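User: Could you walk me through this model before I head back to the bench? I'd like the overall picture, and then a handful of residues.

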Amino acid sequence: MHDVTLRQAAKRALLGYCPCCGKGKLFRSYLKQVDQCSACGERFGAIRADDAAPWLTIILVGHIFLPLAFLIDLGFLPTWAAALGMAAAFSALSLAILPKAKALFIAILWHTRAPGYAA
């Protein structure tokens, strides 16, 4: 077993590092996790957090940030420009949150050895 707390694992993963050692990179590209850590050798290739990350991203963007958009007054812009600006902002926000959400779920599955973790 490992002596890393869930909080430590989550923090390391959110920063993009191995939940186990905190040294090796967790992703080799935007959403593709490494097969194993380059520093400690912990295996991540079998962890499947595919559907959880988009779910969390939708919850955060759609249910928390979108209502905040109604508080922003963009009446000085034409309707098309306001809509385009909001769409761009929420798209960028979604793209920024998605890898962090996947990293969080990878850390949770790794730490708990949940069914998404196939060792």
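Analyst: What follows goes from the whole chain to single residues, and please keep in mind that this is a predicted model.

User: Sure. How many helices and strands are there in the protein?

Analyst: The protein has 3 helices and 0 strands, and reading along the sequence gives the pattern α-α-α.

User: And is it spread out or compact?

Analyst: The protein is more spread out than a compact globule, because its radius of gyration is 18 Å, well over the 14 Å that the globule rule gives for 119 residues. Taken along the principal axes, the box filled by the C-alpha atoms is roughly 55 × 20 × 20 Å.

User: What share of the residues is buried?

Analyst: Buried residues are 35% of the 119 residues in the protein. As for the surface, the protein exposes about 7,400 Å², and carbon and sulfur atoms supply 67% of that area.

User: What about contacts between residues far apart in the sequence?

Analyst: If you take the contacts with a separation of 6 or more, 56% of them are accounted for by residues 24 or more positions apart.

User: Quick one on charges: how many positive and negative ones are there?

Analyst: There are 12 positive and 6 negative charges in the protein, and the mean positions of the two groups are 7 Å apart.

User: OK, on to residues. Where is His 111, and is it buried or exposed?

Analyst: His 111 sits in helix α3, which covers residues 79–112. His 111 counts as buried because its relative accessible area is 19%, and the cut-off for buried is under 20%.

User: Which backbone nitrogen lies 3.3 Å from a polar atom of its side chain?

Analyst: That is the backbone nitrogen of Leu 6, which lies 3.3 Å from a polar atom of the His 111 side chain. Leu 6 itself is found in helix α1, and with 36% relative accessibility Leu 6 counts as partly exposed.

User: What else does Leu 6 touch?

Analyst: Leaving out residues up to four places away in sequence, Leu 6 touches Ala 107 and Ile 108 as well as His 111. By C-alpha positions, Leu 6 and Gly 24 are 18 Å apart in space, with their positions 18 residues apart in sequence.

User: Switching to Thr 57: where is it found, and which backbone oxygen lies 2.9 Å from a polar atom of its side chain?

Analyst: Thr 57 is in helix α2, residues 52–69, and the oxygen in question is the backbone oxygen of Ala 53, which lies 2.9 Å from a polar atom of the Thr 57 side chain. Thr 57 is buried, with a relative accessible area of 6%.

User: Which residues does Thr 57 touch?

Analyst: Not counting residues up to four places away in sequence, Thr 57 touches Gly 62, Ser 94, Ile 97, Leu 98 and Ala 101.

User: Tell me about Gly 62, then. Which helix does it lie in?

Analyst: Gly 62 lies in helix α2, and at 31% relative accessibility Gly 62 counts as partly exposed. Besides Thr 57, Gly 62 touches Pro 67, again setting aside residues up to four places away in sequence. The C-alpha atoms of Gly 62 and Phe 90 are 8.9 Å apart in space, although these two residues are 28 apart in sequence.

User: Anything to say on the arginines? Where is Arg 28, and what is it in contact with?

Analyst: Arg 28 is in the loop between α1 (6–14) and α2, where Arg 28 is exposed with a relative accessible area of 51%. Leaving aside neighbours within four places in sequence, Arg 28 is in contact with Gln 33, Val 34 and Asp 35. The C-alpha atoms of Arg 28 and Gly 16 are separated by 10.0 Å, with the two residues 12 apart along the chain.

User: And what is the phi of Arg 113?

Analyst: Arg 113 has a positive phi of about 55 degrees, although Arg 113 is not a glycine. Arg 113 belongs to the segment after α3, and at 30% relative accessibility Arg 113 counts as partly exposed.

Definitions and conventions: Residues are numbered from 1 along each chain as its sequence is written. This is a predicted model: local features need pLDDT of at least 70, side-chain atom pairs count only at pLDDT 80 or more; totals for chains, interfaces and linings use all residues. Side-chain values use heavy atoms; hydrogens and water are left out. Helices (H or I, at least four residues) and strands (E, at least two) are DSSP runs, numbered from the N terminus. Buried means under 20% relative accessible area, exposed over 50%, partly exposed in between (1.4 Å probe, protein chains only). A polar contact is a pair of N or O atoms within 3.5 Å; within protein, one must be able to donate a hydrogen and the other to accept it, and residues adjacent in sequence count only if both atoms are side-chain atoms. The radius of gyration is taken over C-alpha atoms; the globule rule is 2.2 Å times the number of residues to the power 0.38. Contact means heavy atoms within 4.5 Å. Accessible areas come from the Shrake-Rupley method with a 1.4 Å probe; for residues, only the protein chains shown count as cover. Lys and Arg count as positive and Asp and Glu as negative; His and the chain ends are not counted. The place of a charge is taken as NZ of Lys, CZ of Arg, CG of Asp or CD of Glu.
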